[in-house]
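Biologist: I'm new to this one. Could you take me on a close look at a single part of the chain, and then show me how that part sits in the whole?

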Amino acid sequence: MPLSSYRFDTQGLFIVTLANGQVWEQRDGPLVHWQRPASQYVVTISKGAVGSFNLTIAHESVQYKVRRVTARRG
């Protein structure tokens, strides 16, 4: 799934929005240094151990621990 956008929090961890509108944030792990337009990054999110999720970027071997961000109402 291609990214539609990405940004970094104050700690340098990423928050990504997928083309389908889902938002995921990095929980820990190595910092990324993306510079290309978001649409050029294709990611896969898969279930990890004990209810966790992993994000991988096409053609890279690193897995990033992520969690889904739910929309806040109100």
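**Around the loop before β5**

Modeller: Let's start with Ser-52, which sits in the loop that runs between β4 (43-47) and β5. Before going further, keep in mind that this is a predicted model.

Is Ser-52 buried or exposed? It counts as buried, because its relative accessible area is 14% and the cut-off for buried is under 20%. Leaving out neighbours within four places in sequence, Ser-52 is in contact with Ser-46, Lys-47 and Lys-65. With Lys-65 there's something extra: the side chains of Ser-52 and Lys-65 make a polar contact at 3.4 Å.

Now look at another residue in the same loop. Val-50 is also placed between β4 and β5, but its surroundings are another story: with a relative accessible area of 88%, Val-50 is exposed. So this loop holds a buried Ser-52 and an exposed Val-50. Val-50 has a backbone quirk too, namely a positive phi of about 50 degrees, even though it isn't a glycine.

Step out of the loop and into the strand. Asn-54 belongs to β5, which covers residues 53-57. Which side chain does the side chain of Asn-54 meet in a polar contact? It's Lys-65 again, here at 2.8 Å. That puts Lys-65 in side-chain polar contact with Ser-52 and with Asn-54.

Asn-54 is buried as well, since its relative accessible area is 6%, against a cut-off of under 20%. Its list of contacts, not counting residues up to four places away in sequence, falls into two stretches of numbering. One part of the list is Thr-44, Ile-45, Ser-46, Lys-47 and Gly-48. The other part is Gln-63, Tyr-64, Lys-65 and Val-66. For orientation, β4 spans 43-47 and β6 spans 63-69, so you can find most of those names on the strands by their numbers.

Follow the chain onward and you come to His-59, in the loop between β5 and β6. His-59 is exposed, with a relative accessible area of 86%. Like Val-50, it isn't a glycine, yet His-59 has a positive phi, of about 70 degrees.

For a contrast from elsewhere, try Ser-4 in strand β1 (residues 3-8). Ser-4 counts as partly exposed, because its relative accessibility is 46%, and that class runs between 20% and 50%. Setting aside neighbours within four places, Ser-4 touches Thr-17, Leu-18, Ala-19 and Ala-38. From Ser-4 to Phe-14 is ten residues along the chain, and their C-alpha atoms are 13 Å apart.

Now zoom out. The protein chain has zero helices and six strands, so along the sequence you read β-β-β-β-β-β. Its C-alpha trace spans about 35 × 30 × 25 Å along the principal axes. How does the radius of gyration fit the chain length? A compact globule of 74 residues would come near 11 Å, and this chain has 12 Å, which agrees.

Ser-52 and Asn-54 are buried, and 26% of the 74 residues count as buried. About 5200 Å² of the chain is exposed, with carbon and sulfur atoms supplying 50% of that. Among contacts between residues at least 6 apart in sequence, 38% join residues at least 24 apart. Finally, the charges: there are 9 positive and 4 negative side chains, and the centres of these two sets lie 10 Å apart.

Definitions and conventions
Residues numbered from 1 in each chain as written. Predicted model: local features only at pLDDT ≥ 70, side-chain atom pairs only at ≥ 80, totals over all residues. Heavy atoms only, no water. Rg over C-alpha atoms; globule rule 2.2 N^0.38 Å. Buried < 20%, exposed > 50% of the residue type's maximum accessible area, 1.4 Å probe, protein only. Contact = heavy atoms within 4.5 Å. Areas by Shrake-Rupley, 256 points an atom, 1.4 Å probe, with all protein chains shown as cover. Lys, Arg positive; Asp, Glu negative; His and termini not counted. Charge placed at Lys NZ, Arg CZ, Asp CG, Glu CD. Polar contact = N/O pair within 3.5 Å; in protein donor to acceptor, adjacent residues only side chain to side chain.
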